[in-house]
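Colleague: I would like a close look at a single part of this model, followed outward into whatever surrounds it. Please take your time over the answer.

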Amino acid sequence: MGKPHQIIELAEKLYNELKSLGVEFLFTQETNQIFPIISNELYSKLSEIASFELWEDLGVEKVIRFVCGFKTTKEYVKSFIAKIDE
């Protein structure tokens, strides 16, 4: 299990990896939570591979809330990004 600072580092890694793929965010990453703004198509894809909360439906896009926790690992983040980038 990760320590609090490691969890925030994983959220930062996820934030930066998604940003490098062109994903925009509602807020900058400062905690273990990130709020990407994604297309409806990507939302459908992510719904099949991850758990997250719909934060706001903007019509053609959605804001979702990801939370990194004690069970989040570097391997999970890496695998998750690879699946998105397919």
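Where is the place of glutamate 30, and between which strands does that loop run?

Modeller: Please keep in mind throughout that this is a predicted model. Glutamate 30 sits in the loop that lies between strand 1, residues 24–25, and strand 2, residues 33–34. Glutamate 30 counts as exposed because its relative accessible area is 64%, and the cut-off for that word is over 50%. Its C-alpha atom is separated by 7.8 Å from that of glutamate 12, although the two residues are 18 apart along the chain.

From the loop we can follow the strands. Strand 1 pairs with strand 3, residues 36–39, in the antiparallel sense and over two bridges, and within that pairing glutamate 24 stands opposite isoleucine 37 of strand 3. Strand 3 is in turn joined to strand 5 by three bridges, and these two strands also run antiparallel; here serine 39 has glutamate 61, in strand 5, as its bridge partner. Strand 5 pairs with strand 4, residues 53–57, as well, again in the antiparallel sense, over four bridges, with leucine 54 matched to isoleucine 64 in strand 5. The hairpin made by strand 4 and strand 5 has three residues between the strands, and glycine 59 takes a positive phi near 95° in that hairpin.

Isoleucine 38 leads from the strands towards the core. Leaving aside residues up to four places away in sequence, isoleucine 38 touches Val23, Tyr43, Leu46, Glu61, Lys62 and Ile64. In the largest nonpolar core, which has 21 residues, Ile38 is one of those that touch the most other members, together with Leu14, Leu18, Ile34, Leu46, Phe66 and Phe80. Two or more residues of this core come from each of helix 1 (4–20), helix 2 (40–49), strand 5 (61–67) and helix 3 (74–84), and helix 1 gives the most, with six residues.

The last feature to consider is the largest pocket, which holds about 180 Å³ of space. Strand 5 and helix 3 each supply at least two residues of its lining, and the lining residues include Leu14, Phe66 and Phe80, which are also among the core residues that touch the most other members. Ser51, Glu53, Arg65 and Thr72 line the pocket too. Sorted by class, the lining has eight nonpolar, two polar and two charged residues.

Technical notes:
Residues numbered from 1 in each chain as written. Predicted model: local features only at pLDDT ≥ 70, side-chain atom pairs only at ≥ 80, totals over all residues. Heavy atoms only, no water. Core = buried A, V, L, I, M, F, W, Y, C linked by side-chain atoms within 4.5 Å. Buried < 20%, exposed > 50% of the residue type's maximum accessible area, 1.4 Å probe, protein only. Contact = heavy atoms within 4.5 Å. 1 Å grid on protein atoms, 1.4 Å probe; cavity = no way out; pocket = protein on both sides within 12 Å on 5 of 7 lines; lining within 4 Å. Points joined across faces, edges and corners; volume = space filled by probe spheres on them. Nonpolar A, V, L, I, M, F, W, Y, C, P; charged D, E, K, R; others polar. Pairing = 2+ DSSP bridges.
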